[in-house]
Amino acid sequence: MIFFEFLRYNLVGVANTLVGFSVVFSLMFFGLSAVESNMIGYAIGAVLSFYLNSKYTFKSKLSGLLALKFFGVLAVSYFLNFLVLKWLMSAEVEPYMAQLFSAVVYTFSSFVFMKWFVFFKKCI
């Protein structure tokens, strides 16, 4: 069960990553800053992530409370991502590499919080 959940989470993550980074890198290519591009790309990815993870990964019914918890977790994960991105940019790490490293922080933290806070199901 957990293996397949993890597999589905990663497949959804691949889709979100492709969409998110396509947006981020496209916006950067057209002149938007790394930080602004990051914010927009992750916002678009968040909406896609909510739908796909609710429906396919964790097989939960969509609800207002679920959305509130989901986007709260994404906000926390995004904040961690943002801190890492700003830190790497201040250390003059190449912007594309900084985006990739900060994405690892986002992905790891969001999975842990999703699994144990948003979609946690007690076994009776």
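Colleague: What is the phi of K59, the residue that follows α2?

Modeller: This is a predicted model, in which local features need pLDDT of at least 70, side-chain atom pairs count only at pLDDT 80 or more, and totals for chains, interfaces and linings use all residues. Residues are numbered from 1 along each chain as its sequence is written, and side-chain values use heavy atoms, without hydrogens or water. Helix α2 (a DSSP run of H or I with at least four residues, numbered from the N terminus) is followed by K59. The phi of K59 is positive, near 50°.

Colleague: How far apart are the end C-alpha atoms of α2?

Modeller: Helix α2 covers residues 34–57, which is 24 residues. A straight helix would reach 34 Å (1.5 Å times one less than its number of residues). The end C-alpha atoms of α2 fall short of that, being only 30 Å apart.

Colleague: Are α1 and α2 roughly parallel or roughly antiparallel to each other?

Modeller: The axes of α1 and α2 (lines fitted to C-alpha atoms over the stretch in contact, with angles from 0 to 180 degrees between N-to-C directions) come within 8 Å and cross at roughly 155°. Angles over 145 degrees count as roughly antiparallel and those under 35 as roughly parallel. The two helices, α1 and α2, are therefore roughly antiparallel.

Colleague: How many charged residues are in the contact of α1 with α2?

Modeller: By class (Ala, Val, Leu, Ile, Met, Phe, Trp, Tyr, Cys and Pro are nonpolar, Asp, Glu, Lys and Arg charged, and the others, Gly among them, polar), the contact of α1 with α2 has 16 nonpolar and 9 polar residues. Its charged residues number 2.

Colleague: At what distance do the axes of α2 and α3 come together?

Modeller: The axes of α2 and α3 cross at roughly 150°. That makes α2 roughly antiparallel to α3. Their axes come within 11 Å.

Colleague: How many nonpolar residues are in the contact of α3 with α4?

Modeller: Helix α3 (residues 64–90) and helix α4 (residues 95–118) pack at about 150°, with their axes 8 Å apart. That makes α3 roughly antiparallel to α4. Their contact includes 6 polar residues and 1 charged, and its nonpolar residues number 21.

Colleague: Which helix supplies the largest share of the lining of the largest pocket?

Modeller: A pocket is an open set of points on a 1 Å grid where a 1.4 Å probe fits, with protein on both sides within 12 Å along at least five of seven lines, and lining residues have an atom within 4 Å of a point. Each of α1 (2–29), α2, α3 and α4 supplies at least two residues of the lining. The lining has 12 nonpolar, 11 polar and no charged residues. The largest share, 10 residues, comes from α1.

Notes: Parallel < 35°, antiparallel > 145°, perpendicular 65-115°, else oblique.
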